[in-house]
Amino acid sequence: MNRKFISVISGVAALVMGVTGISPVSFVNDNNSAVISTVSAAQTMRDISSAELVKDMGLGWNLGNTLDSICPWITGGTVEQYETGWGNPVITKDIIKKVKASGFKTVRIPITWINCMDTSTNTVRADFMARVKEVVDWCIEEDLYVIINVHHDGGSADTAWIRNAAKDFTGVEKRFASLWTQISQTFKDYSDYLVFEGMNEIDFGSVSKNEAYDTMNKLNQTFVDTVRSTGGNNAQRHLLVSGYNTDIALTSDSRFVMPQDKAGRLMLSLHYYSPPQFCVAESNCSWCTPQTVWGSADDYAALDAAMLKIYTNFISKGIPVIIGEYGVLTEAENNKDKESIRKYLAAVSEKAVSYGMCPILWDAGSSGDMKFIDRKTCAFNDSEIEKNYKALAEKISSGQLKEEKPELAVYDEKTVSIGSDGWVNIGADKSKLCGIRFNISCSTSWDSQGGGGINFADDWDNCTEFGFNSVYDTVEVIFTKAQREKLADKIGVFFWWTLLDDPNNDASGHTSELSFKNGQITLLFEGSGQPAVTTPETTVTTPKPEVTTPKAPETTPAPATTPAPSAVRGDVDCNGSVTAVDMVKLMQALVGSITLDDAQKNNSDMDGDNRISIVDLIKLKNMLVQ
């Protein structure tokens, strides 16, 4: 997250997804919870795993909009000018002490280096490095964990440079390695209370997805290799590797791979601003209907599903995770309900910690639009939020927080052919069918987002939807109890929409290019000897894409309207006839690439429920194919 310029958001996301073993340098407190002993900055590295380290990091806080500020209007300025360029005062020991007193154990210090770097030699100014070191030392003195990174050097501003790796990998890698060599050498004797994070919210949209993932993987490997090569404590330092755009879904893509590391001390960095309609949608935004209230059963279920997805895809596979950023807009003009903000922050932080993650609150301080601690007064703007964090910190330290360690379902699998009409015969075991899994084939080089529907009983009014962020995704949908009860002898699986790569061309969708890989899908049945697997009614296991194109939340209906008497169902473009063009326009509206006016909305509301959803798209398609 930058000043508020959010490059990518973890969004419409209901995606499915104590210290485990006490180290020799740990002890057990009166509540039998594992506690790792404190160390000084110059002490050697402890013999603990990265997973143990993350669990001991507790609650985290971001020192945002300060050392990470980008100030192109300043040339050759002082360190203080850059530090205060986005409206925050200079960092003081008092703010660090306040963070510690409020229950946080970790401080993430976002840093943009290009402001104070000689680009001809790739050398960081000594006074800037000294200032970074001073702030790190203040945190260490308070027995806080510290994360330092390379932040807006990878952003979208004119001065950013890391994203140029898509076209000039050699040049960018040289600067990147030089920068991390300097950082590593400065801090090589620091203990494992200091963590290095390679990058922040990086993607490479100017090239194909395959090239983008390859570039990301290579830079992450360069980061690890560079730090390890500097020796000292860096040979064993715990390193935080950036996920693709730090996004849950995009990082879950099979093309993202963690770097090789002989030390075996890597962690994964992901960000969580979901649902984006609540977290980051301003009151006047055009890409969605802003959500001002959070805390419904569906909201909590979406959070549970997202955290379970992280656990399933990463933590359960031995990859510790740090939620490097999460937060909500706090400025009054964005109309976010105050109590909802409190609920959201409390729920996200507690759920993340319960899964063994360290959640780190994004705080813009006295500037920006996510303001929690006033940097001038060193007081929380909302004292209730501080109380919540203190209470959670006490709950964690006393061993009262329940650890989430779900037993992941194991299914009996049966791969079957899918008919050209999209239907699959289930067979005699339909009562035991829990879900489906499939891979996608694309007849062209297109690769982006899309989705479809699953018909359970030849009932087009009650299809369930699925989504994918890439044609390389493996799509898995676990059925709810209600869906399982509706199962007939067959199910239909269909691709309904794709993200248009050319918003100026109504016929540029790619649905017709998609098919099921090898013409097959996998049926997932209850495992042998395993109790029936059911999914809560509010859990969506494979929702629409969450990041690159925010969409209007289906859980927040638009204000009720009465269709005009002249409304023609399906005539989305209001030209008097219903054609495939109308279906394409409805797809565009659902993915947020266009906005419908009132008349278009009236005509798009196929089921008459006063909102636009995937169900309307399905009904429109059915009308066209009849």
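**Notebook: helix pairs and loop residues**

I began with Cys378, which lies in the loop between β13 (373–374) and β14 (379–380). The model I am reading is a predicted one. I looked up the backbone of Cys378 and noted a phi near 60 degrees, a positive value in a residue other than glycine. Most residues other than glycine have a negative phi. I then asked whether Cys378 is buried or exposed. Its relative accessible area is 18%, and the limit for buried is under 20%, so Cys378 counts as buried.

**Entry on Thr246**

I turned next to another loop, the one between β9 (239–242) and α7 (248–251), where Thr246 is found. Thr246 has a phi near 50 degrees, again a positive value in a residue other than glycine. I recorded a relative accessibility of 1% for Thr246, which therefore counts as buried.

**Entry on Pro275**

I looked up the peptide bond between Ser274 and Pro275 and found it to be cis, with omega about 0 degrees. Most peptide bonds are trans. Pro275 is placed in the loop between β10 (266–272) and α8 (276–279).

**Entry on α5 and α6**

Two packed helices are described by the angle between their axes and the distance between the axes. I looked up both values for helix α5 (residues 169–186) and helix α6 (residues 209–229): the axes come within 9 Å and cross at roughly 30 degrees. Angles under 35 degrees count as roughly parallel, and α5 is therefore roughly parallel to α6. The crossing of α5 past α6 is right-handed.

Which residues of α5 meet α6? I listed Phe169, Glu173, Phe176, Ala177, Trp180, Thr181 and Ser184 on the α5 side. On the α6 side I listed Thr215, Lys218, Leu219, Thr222, Phe223, Thr226 and Val227. Sorted by class, this contact of α5 with α6 holds seven nonpolar, five polar and two charged residues.

**Entry on α9 and α10**

I repeated the search for helix α9 (residues 297–313) and α10, whose axes come within 10 Å and cross at roughly 30 degrees. α9 and α10 are therefore roughly parallel to each other. I noted a right-handed crossing where α9 passes α10. From α9, the contact is made by Tyr300, Leu303, Asp304 and Met307. From α10, Lys343, Ala347, Val348, Lys351 and Ala352 take part. By class, I recorded six nonpolar, no polar and three charged residues in the contact of α9 with α10.

**Entry on Val348**

I followed Val348, a residue of helix α10, in further detail. Its relative accessibility is 0%, so Val348 counts as buried. What does Val348 touch, leaving aside its neighbours within four places in sequence? I found contacts with Tyr272, Leu303, Met307 and Tyr326. Val348 and Tyr326 are 22 residues apart along the chain, and their C-alpha atoms are separated by 8.1 Å.

**Entry on Arg342**

I closed with Arg342, which is placed in helix α10 (residues 338–354). I asked whether Arg342 is buried or exposed. At 18% relative accessibility, Arg342 counts as buried, because the limit is under 20%. The side chain of Arg342 makes a polar contact of 2.9 Å with the side chain of Asp382. Not counting residues up to four places away in sequence, I noted that Arg342 touches Asp382, Glu384, Ile385 and Asn388.

Terms used. Residues are numbered from 1 along each chain as its sequence is written. This is a predicted model: local features need pLDDT of at least 70, side-chain atom pairs count only at pLDDT 80 or more; totals for chains, interfaces and linings use all residues. Side-chain values use heavy atoms; hydrogens and water are left out. Axes are lines fitted to C-alpha atoms, for helices over the stretch in contact, and angles run from 0 to 180 degrees between N-to-C directions. Helices (H or I, at least four residues) and strands (E, at least two) are DSSP runs, numbered from the N terminus. Angles under 35 degrees count as roughly parallel, over 145 as roughly antiparallel, 65 to 115 as roughly perpendicular and the rest as oblique. A crossing is left-handed if the near helix is turned anticlockwise from the far one by less than a right angle, and right-handed if clockwise. Contact means heavy atoms within 4.5 Å. Ala, Val, Leu, Ile, Met, Phe, Trp, Tyr, Cys and Pro count as nonpolar, Asp, Glu, Lys and Arg as charged, and the others, Gly among them, as polar. Buried means under 20% relative accessible area, exposed over 50%, partly exposed in between (1.4 Å probe, protein chains only). A polar contact is a pair of N or O atoms within 3.5 Å; within protein, one must be able to donate a hydrogen and the other to accept it, and residues adjacent in sequence count only if both atoms are side-chain atoms.
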